[in-house]
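I set out to look up a few local features of one protein model and to record each finding in order. The structure is displayed below for reference.

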Amino acid sequence: MKVFIDVSVLTLATFVTGIQRVTREITVRLIDGGDFEVVLLHYNGAEDVYYRIDNQAFVNYYIRHKGVKEKMITKERVPLSKICGGTVFFDLDAAWMCRMKRSYLLPVLKGQGARIVAHIYDIISVTHPQYCLQRGVYNFMDYIGAHLQYGDEMIVNAHATRDELYRLCARLGCCLPPCAVVPLGADFHESGEVGVAEVRQDVADAVSGKPYILMVGTIEPRKNHRLLLEAYDRGLKALGYRIIFAGYMGWNMEAFSERLHSHPDYGQGLYHFEGLDDKAISCLYRKAKFLAFCSYTEGFGLPIIEAVQRGTPVIAADIPVSREVAGDCCVWFEQDNAEELCEKIRFYDENTADYERLKQESSQRGFGGWESCYKGMAAVIGKKEDGKGQ
């Protein structure tokens with residue numbers, strides 16, 4: 001079975017976190033798995049055409065860190081007519097950001113008999129547009145509307161997201177396509193524990209000495225990094241903690257960035273790192289006292305399981321999707337309550353046996369890896385119209 005995947009957004013991105021990491025991990029496994037003939041696509045907006053990406057060059061660049069990204073894109077054009085009956089179009093990347101709008105693309109592919117499968121990370125642009133760029137909201141409406149109308153299958157990572165999709169369809173008066181729940185993986189491409197000596201010096205300096213609380217992910221309004229900075233000033237500093245933010249500074253965070261980088265403790269008790277590789281992120285997870293997860297809303301919450309898989313306890317704002325993903329693995333606090341966050345940390349500082357128990361429970365909690373996630377998605381992709389496998 002031939003599977004077409006548009007990875008245009010990934011190939012244009014300067015970082016591999018969140019959705020980019022998912023796209024990388026699943027695409028590489030689809031290529032290496034041998035179950036499908038995978039055709040990777042890059043959309044050239046200036047020419048209004050798709051070009052094929054060399055599969056092996058893709059794997060070499062994103063996994064082995066060899067080669068030049070731009071040279072992955074071949075000169076072979078892939079006309080839309082090739083995506084037809086007997087093939088699958090798998091929308092895995094952050095495709096609403098692609099210049100090839102799905103409201104145009106999907107009806108063409110559907111008319112040609114292609115089967116359309118989409119991985120829907122969340123519908124936050126619909127449920128919480130205040131946390132999204134206005135342009136992104138408009139683009140996502142186009143994307144999700146097209147998939148609801150023309151899609152054959154959907155994949156989500158949490159039942160909470162599927163419930164949101166059901167509610168959206170009820171409001172729109174349409175039916176939700178068959179929708180499978182496939183949790184994400186959290187393992188990195190690493191062999192053994194990453195030591196301080198293997199990461200860059202500024203990261204090594206930050207993780208040495210005092211204990212620290214970590215936040216991982218793009219810094220944007222809905223992630224609520226502001227709360228952890230507030231908690232630092234209200235009590236975490238006095239408890240002897242450092243704070244490390246690892247992620248790119250996103251949109252509408254100018255005030256937060258100014259407050260963080262002009263803080264008198266910046267570079268001593270407060271740190272911000274961008275562009276870290278998997279080794280550095282893994283090192284940060286393993287050596288953190290806690291991962292803080294303060295989001296107002298999420299589609300899954302990948303950092304939670306990335307931390308737990310490395311034996312790092314998580315302190316998290318109590319929201320439904322995090323409860324579903326993490327269960328009893330987290331120490332929960334009321335959203336936007338910096339004082340409660342500080343008190344929870346203080347409790348575990350004063351009760352070291354409870355902290356060690358929490359840490360041990362975290363290390364023993366099993367989550368599926370990327371291989372399990374890939375198999376779940378491959379099972380959906382490989383279904384035929386009659387519901388049977390390949």
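These entries concern a run of strands and then the enclosed and open spaces.

**Entry 1: the model.** I noted at the outset that this is a predicted model.

**Entry 2: strand β13.** I began with β13, which covers residues 314-317. I asked which way its side chains point and whether they are buried or exposed. V314 and A316 point one way, while I315 and A317 point the other way. I recorded all of these residues as buried, that is, under 20% relative accessible area.

**Entry 3: the pairing with β12.** I next looked up β12, residues 290-293, and found that β12 and β13 pair in the parallel sense over three bridges. At residue level, L291 has V314 of β13 as its bridge partner. I then followed the chain from β12 to β13 and saw that it passes through helix α12, residues 302-308. I noted this β-α-β crossover as right-handed.

**Entry 4: the pairing with β14.** I turned to β14, residues 330-333, which runs parallel to β13 and is joined to β13 by four bridges. Here V314 has C330 of β14 as its bridge partner. I traced the chain from β13 to β14 through helix α13, residues 320-326, and this β-α-β crossover is also right-handed. V314 therefore appears twice in my notes, with a bridge partner in β12 and another in β14.**Entry 5: the cavity.** I asked how many cavities of 30 Å³ or more the model holds. The count comes to one. About 40 Å³ of space lies in the largest cavity. I listed its lining as M215, V216, K223, H225, F293, S295 and E298. By type, this lining divides into three nonpolar, two polar and two charged residues.

**Entry 6: the second largest pocket.** I looked up the volume of the second largest pocket and found about 240 Å³. It is lined by 15 residues, of which A160, E164, T297, E298 and V321 are the closest to its centre. I then asked which helices supply at least two residues of this lining. They are α5 (124-127), α7 (159-172) and α13. The largest share comes from α7, with four residues. By type, the lining of this pocket divides into seven nonpolar, four polar and four charged residues.

**Entry 7: cross-references.** I marked two names that recur in these notes. E298 lines the largest cavity and is also among the residues closest to the centre of the second largest pocket. Helix α13 lies on the path from β13 to β14 and also supplies at least two residues of the lining of the second largest pocket.

Definitions and conventions
Residues numbered from 1 in each chain as written. Predicted model: local features only at pLDDT ≥ 70, side-chain atom pairs only at ≥ 80, totals over all residues. Heavy atoms only, no water. Buried < 20%, exposed > 50% of the residue type's maximum accessible area, 1.4 Å probe, protein only. Pairing = 2+ DSSP bridges. Right-handed = clockwise from strand over helix to strand, strands pointing away. 1 Å grid on protein atoms, 1.4 Å probe; cavity = no way out; pocket = protein on both sides within 12 Å on 5 of 7 lines; lining within 4 Å. Points joined across faces, edges and corners; volume = space filled by probe spheres on them. Nonpolar A, V, L, I, M, F, W, Y, C, P; charged D, E, K, R; others polar.
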